[in-house]
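Here is a colleague's note on the model you sent round, set out point by point. Please read it with the coordinates open.

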Amino acid sequence: MKTRLLIAALVCCLAAPAAFCAASPAKQTEKKASPPKSASEQAYDAFQKVRNVRGAKFDQARFQALIEAGITFLTKHPTSTRANEVASFLGLGYPMSIDSRQPALRAQYVSLLNLELANQKYKEGVKEPVKVALLAVEAAVADMEVRQAPGGGTLTTMREKIDELAETPAGNRFLVDRERSYAQLLGLMKQTARAEEQLNKLSKHSDKAVSDMAKQELNIFAAKKTPFDLKFTSFDGKPVDCAKLRGKAIALYFWSSTNKSSTDLLEKLRQFHSVHRKKGLELVTVSFDKEEDREKLQKFVKEKRFTLPLYYDGKQAKNEFAAKLNVTGVPRLLLFDDAGILQTSMLGTSLSANYSSSLGAFEAEVKRILKIKK
């Protein structure tokens, strides 16, 4: 009897793990299953699919497909956290990516976009959140038009659109990018005092995101008044002190080995530097690589035979120089004159989309600083 009980117990013990193992895969699969995407996420994915078509031509069919996907997202999900990104891309990012040497194509896209915006705005029963999102697109278009044709008229229109956005309930969530861009454009148009006045006003804004942005941008104006102190130990262990480079123009480039657009631009800047170095240009770089990406950075530096001064601490936007110069992402290019005063700050968006024209403007600034006539 005891023998039978022992055998039965052994059978149960052996069967239990098997049953447990048989049930485990199902439970594991259950845990791994991703939750279904929300309607907003699906609409954003649809927009991204149209946005990221490889080899897409700049033509009417492409323009209409992109506008339709973007406006569909904004009208159905105007309060999404992605709404500002979509509005900015439709009104500013995409048209600026169209070659400036093809103004007719850019004008065609903007015309189609404005027509669709008008159609949506005047539809019966349009709700307030949708109106705000559409107005954000209009403000982004006005931003693009200033960049395309800087002047009093386009700048006034841009200011009017931003003010309209600010006066509309829930418009604050679209204000940060537009107000930042407005201040930067004023700076580029040599209206520094006006830009600083606007930012000081915004630094007291009731919306924290807007006030924080203004305070950060004011850092740039401080850098345009006093020589910037740039002293560190380079990635290869060599000391770097830009104060010792007074008399030369210094290009300060923020990049990351894990960001392809920034590494592509880095290669072009290295070529540009090699041509202008003897004329008095120095190129200093700051890595935005995370601490866990140190090996990737080391590999990149070794493979590319990187010899430029390189600052790296693994802190990304929280590193010492980024915080002082309001650099929140890469690529970012800044130019200091021979006295260490900041002259130009170029955003990643404009650098990536219009490298040729941006490099032309950058080269003009370098020549002006170094008094190069040819």
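The points below concern a predicted model and take up its aromatic pairs, its ring-charge contacts, one helix and one histidine.

1. The structure holds 17 aromatic pairs. One of them joins phenylalanine 235 and tyrosine 312, whose ring centres lie 5.6 Å apart with 90 degrees between the planes, an edge-to-face arrangement. The two partners come from distant parts of the chain, 77 residues apart, with phenylalanine 235 in the loop between β1 (231-233) and β2 (239-241) and tyrosine 312 in the loop between β5 (310-311) and α13 (320-324).

2. The two rings of that pair should be described separately where solvent is concerned. Phenylalanine 235 is partly exposed, at a relative accessible area of 24%, whereas tyrosine 312 has a value of 10% and is therefore buried, the cut-off for buried being under 20%.

3. A further pair, between tryptophan 255 and phenylalanine 300, is classed as tilted because the ring planes meet at 45 degrees, with the centres 5.2 Å apart. This pair also links distant parts of the chain, since tryptophan 255 belongs to strand β3 (residues 249-255) and phenylalanine 300 to helix α12 (residues 294-303), 45 residues apart. Tryptophan 255 counts as buried at 0% relative accessibility, and phenylalanine 300 likewise counts as buried at 12%.

4. Which residues make up the aromatic cluster that should be inspected as a unit? The cluster is formed by Tyr44, Phe47, Phe58, Phe63, Phe73, Phe89, Tyr94 and Tyr109.

5. Two placements of a charged end over a ring deserve a mention. The charged end of arginine 159 sits over the ring of tyrosine 182, 4.6 Å from the ring centre, and the charged end of lysine 224 sits over the ring of phenylalanine 221, at 5.7 Å from the centre.

6. Helix α6, which runs over residues 128-148 and has 21 residues, reaches 30 Å from its first C-alpha to its last, close to the 30 Å expected at 1.5 Å a residue. The helix is mostly covered, with 15 of its 21 residues buried.

7. Is histidine 77 buried or exposed? Its relative accessible area is 17%, so histidine 77 is buried, given that the class covers values under 20%. This residue lies in the loop between α3 (60-76) and α4 (83-97), and, leaving aside residues up to four places away in sequence, histidine 77 touches Ala39, Ser40, Ala43 and Ala83.

Technical notes
Residues are numbered from 1 along each chain as its sequence is written. This is a predicted model: local features need pLDDT of at least 70, side-chain atom pairs count only at pLDDT 80 or more; totals for chains, interfaces and linings use all residues. Side-chain values use heavy atoms; hydrogens and water are left out. Helices (H or I, at least four residues) and strands (E, at least two) are DSSP runs, numbered from the N terminus. Buried means under 20% relative accessible area, exposed over 50%, partly exposed in between (1.4 Å probe, protein chains only). Contact means heavy atoms within 4.5 Å. The expected span of a helix is 1.5 Å times one less than its number of residues. Rings of Phe, Tyr and Trp (its six-membered ring) pair if their centres lie within 6.5 Å; planes under 30 degrees apart count as stacked, over 60 as edge-to-face and the rest as tilted. A charge sits over a ring if NZ of Lys or CZ of Arg is within 6 Å of the ring centre and within 35 degrees of the ring normal.
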